[in-house]
Amino acid sequence: MIDLRSDTVTQPTPQMRAAMANAPVGDDVFGDDPSINELQQMSAEMFGFDDALFTSSGTQANLLALMSHCDRGDEYICGQQAHNYKFEGGGAAVLGSIQPQPLTNNTDGTINLSDVKTAIKPDDFHFARTRLLSLENTIGGKVLPQSYLAEAQAFTFNHGLKIHLDGARVANAAVAQNLKISDITAHFDSVSICLSKGLCAPVGSLLLGDEVFIAKAKRWRKMLGGGMRQAGILAAAAKLAITEQVDRLAEDHDNAQHLAHQLQSIDELKTDINQVQTNMVFSDFRTRTDINLLASELKQQGVLVYPSQQLRFVTHKDVSKQDIDKAVLAIKSKLTRS
């Protein structure tokens, strides 16, 4: 299958499988897993934080961050398209009693800081207490400019807020700008980094922050059922994800550009190559199309796409240029026939 649904479908590398098979392990709830401890210490140093916590997923890492920054009845500000607002089951509200205040994302993924300022609630018991600004980088494949991150960091400091980064694909953002990941994470009080997307680890995300923040997050992780035992097997793959897979993301970005160029040859689709910054390509249908039927027919041709009124294609380690050419031919044949 040529799977263009997401980079979450990446298979672990042979080196990861070997490392997992041979990883020294212990009970992480007791703090005894050497592979987990090494991963957390190494990642904290690499990304410029005091401490780190290995979690089962990006959703869990973001929820822990929100619950560690905010108390019951507090509020966080984010974008309307933010993953931790739109796609994580309302966990902050349901489990943390934290009120989200979503604001409109600009086309480049940013949120106007003037809008954030207006949304900050007065110090009055009628209102939730605004505690946190949460940003996402990349968001919809778009890279937030470094200048904007610096402005947002200064803004939150001047307004007494904390600032969190949902960095599920922050490695893509760094590679796209020829930066180190730490150049981006330096602007935030806390960061979540997903290891199981383009970085190819089978499971897991990192949450980074200062020691007090991580201690609080560790307590919440236990309460939410996230305490793991011999999880060093997963940490072994996670270590290779952040040490061996980051630079390789440039290939995914090149393939996304190639895919966008190829899709432009399909008259039934509208694809703006100027919007392709990392490993995501979006196409709109020019005519009414039964997307579920299209996805079903493409699956029979060995191509997986996520059925949506706007097609999102995601390139990753397990999709080559040759795969892309085959997928585009299949898409073109199905749309042209219809």
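Select E38 and K239 in this predicted model. Their side chains form a salt bridge, with the closest N and O atoms 2.7 Å apart. Now show the helices around them. E38 sits in helix 2 (residues 34-47) and K239 in helix 11 (residues 232-244), so the pair ties together parts that are 201 residues apart in sequence. Add the surface. E38 is partly exposed, at a relative accessible area of 40%. K239 is partly exposed too, at 29%.

**The N-terminal pair**

Go to R5 and D3. These two residues form a salt bridge, and the closest N and O atoms are 2.6 Å apart. Is each partner buried or exposed? R5 is partly exposed, with a relative accessible area of 34%. D3 counts as buried, because its relative accessibility is 10% and the cut-off for buried is under 20%.

**A pair further along the chain**

Select K317 and D318. Their side chains meet in a salt bridge, at 2.6 Å from N to O. D318 is partly exposed, with a relative accessible area of 31%. K317 is partly exposed as well, at 26%.

**A linked group**

Next, pick D74, R129 and R131 together. Salt bridges link these three residues in a network. Side chains of opposite charge can pair when their charged atoms come close. How many salt bridges does the rule count? The count comes to twelve.

**The two domains**

Zoom out. Colour residues 13-245 as domain 1 and residues 248-336 as domain 2. Place a marker at the C-alpha centre of each domain: the two centres are 29 Å apart. Then select the residues in contact. Domain 1 contributes 15 residues and domain 2 contributes eleven.

Stay at this interface and look at its surface. Domain 1 and domain 2 bury about 1,200 Å² between them. Carbon and sulfur atoms account for 57% of that area. Now colour the domain 1 side by residue class. The residues there that touch domain 2 divide into six nonpolar, seven polar and two charged.

Which links cross from one domain to the other? The rule finds zero salt bridges across the interface of domain 1 and domain 2. Polar contacts do occur: six residue pairs are counted between the domains, with both residues at pLDDT 80 or more.

For a last view, return to E38 and K239. Keep helix 2 and helix 11 in the frame, with the salt bridge drawn between the two side chains.

Terms used:
Residues are numbered from 1 along each chain as its sequence is written. This is a predicted model: local features need pLDDT of at least 70, side-chain atom pairs count only at pLDDT 80 or more; totals for chains, interfaces and linings use all residues. Side-chain values use heavy atoms; hydrogens and water are left out. Domain bounds come from an automatic or database domain assignment. Contact means heavy atoms within 4.5 Å. Buried area is the accessible area (1.4 Å probe) that two parts lose on being put together, summed over both. A salt bridge is a side-chain nitrogen of Lys or Arg within 4 Å of a carboxyl oxygen of Asp or Glu. A polar contact is a pair of N or O atoms within 3.5 Å; within protein, one must be able to donate a hydrogen and the other to accept it, and residues adjacent in sequence count only if both atoms are side-chain atoms. Ala, Val, Leu, Ile, Met, Phe, Trp, Tyr, Cys and Pro count as nonpolar, Asp, Glu, Lys and Arg as charged, and the others, Gly among them, as polar. Buried means under 20% relative accessible area, exposed over 50%, partly exposed in between (1.4 Å probe, protein chains only). Helices (H or I, at least four residues) and strands (E, at least two) are DSSP runs, numbered from the N terminus.
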